[in-house]
Amino acid sequence: MSEEDVALRKINYFKWLWYTGLFLVSFIIFFLFTFPYGVVKEAVVGEISQATGLNIRVKEIGPSFPIGVDAESVKISTQDSLAQVEFQSADVTVSLLPLLIGRVTFNVELVSKNKGTLDASASWGLIQLISQKDIVPSYIRIESKDFELGPIVTLMLREKSKTA
């Protein structure tokens, strides 16, 4: 095999590698931007409302990079609307690097109406989630700045008082 044949094979190999990479990147980008987030929003909000008994309204939902969902104008209230919480935005993402070592980590960022932020992170072992024996996270981190917890506590206490 001559050097020209080796060079041509390398060029063909890199060409196929380039086209495959371009296809995958294009597919992911177009998938994120054409995904029917409105339908997903209605289904998820309906399921959560039915499971918790809370009224949940979300103005808009969209993608969050790399894997996640970003919701705008989230309002959660009790059935009697006596207690409610409003968020300017809620961003939920899954961390990619911990997946490589068998951990599932969710990151949540809430922005309140007064621009206060609450960042929370929770982590589970992949085997722990699959076995469903222990759903308690192995790691929880919460940070906040100018975030009012009063409406959240009021909403939770009002809901607990109904079930007690």
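What follows is a set of questions and answers on a predicted model of one protein chain.

Trainee: How many helices and strands does the protein chain have?
Mentor: The model is predicted. Read along the sequence, the elements follow the pattern α-α-β-β-β-β-β-α-β-α. The secondary structure comes to 4 helices and 6 strands.

Trainee: What is the radius of gyration of the protein chain, set against that of a compact globule of 164 residues?
Mentor: The C-alpha trace spans about 80 × 35 × 30 Å along its principal axes. A compact globule of 164 residues would have a radius of gyration near 15 Å. The value for the protein chain is 22 Å.

Trainee: What share of the residues counts as buried?
Mentor: A residue is buried when its relative accessible area is under 20%. The accessible surface of the whole chain comes to about 12,000 Å², and 66% of that surface belongs to carbon and sulfur atoms. Of the 164 residues, the share that counts as buried is 24%.

Trainee: Is Gly46 buried or exposed?
Mentor: Gly46 sits in helix α2, which covers residues 37-52. Its relative accessible area is 35%. Buried means under 20% and exposed means over 50%, with partly exposed in between. Gly46 therefore falls in the class called partly exposed.

Trainee: How far apart in space are Gly46 and Arg57?
Mentor: Gly46 belongs to helix α2. Gly46 and Arg57 are 11 residues apart in sequence. From C-alpha to C-alpha, their distance in space is 9.5 Å.

Trainee: Which residue in β5 stands opposite Phe106?
Mentor: Strand β4 (residues 103-112) and strand β5 (residues 117-125) run antiparallel and are joined by 9 bridges. Across this pairing, the residue of β5 that faces Phe106 is Ala122.

Trainee: Which residue in the hairpin of β4 and β5 takes a positive phi?
Mentor: The hairpin has 4 residues between its two strands. A positive phi, near 70°, is taken by Lys115.

Trainee: Which residue in β6 stands opposite Asp119?
Mentor: Strand β5 also pairs with strand β6 (residues 139-145), through 7 bridges. These two strands run antiparallel. Opposite Asp119, the residue in β6 is Glu143.

Trainee: How far apart do the centres of the positive and negative side chains lie?
Mentor: Lys and Arg count as positive, Asp and Glu as negative. The chain has 16 positive and 18 negative side chains. The centres of the two sets are separated by 3 Å.

How values were computed
Residues numbered from 1 in each chain as written. Heavy atoms only, no water. Buried < 20%, exposed > 50% of the residue type's maximum accessible area, 1.4 Å probe, protein only. Pairing = 2+ DSSP bridges. Rg over C-alpha atoms; globule rule 2.2 N^0.38 Å. Areas by Shrake-Rupley, 256 points an atom, 1.4 Å probe, with all protein chains shown as cover. Charge placed at Lys NZ, Arg CZ, Asp CG, Glu CD.
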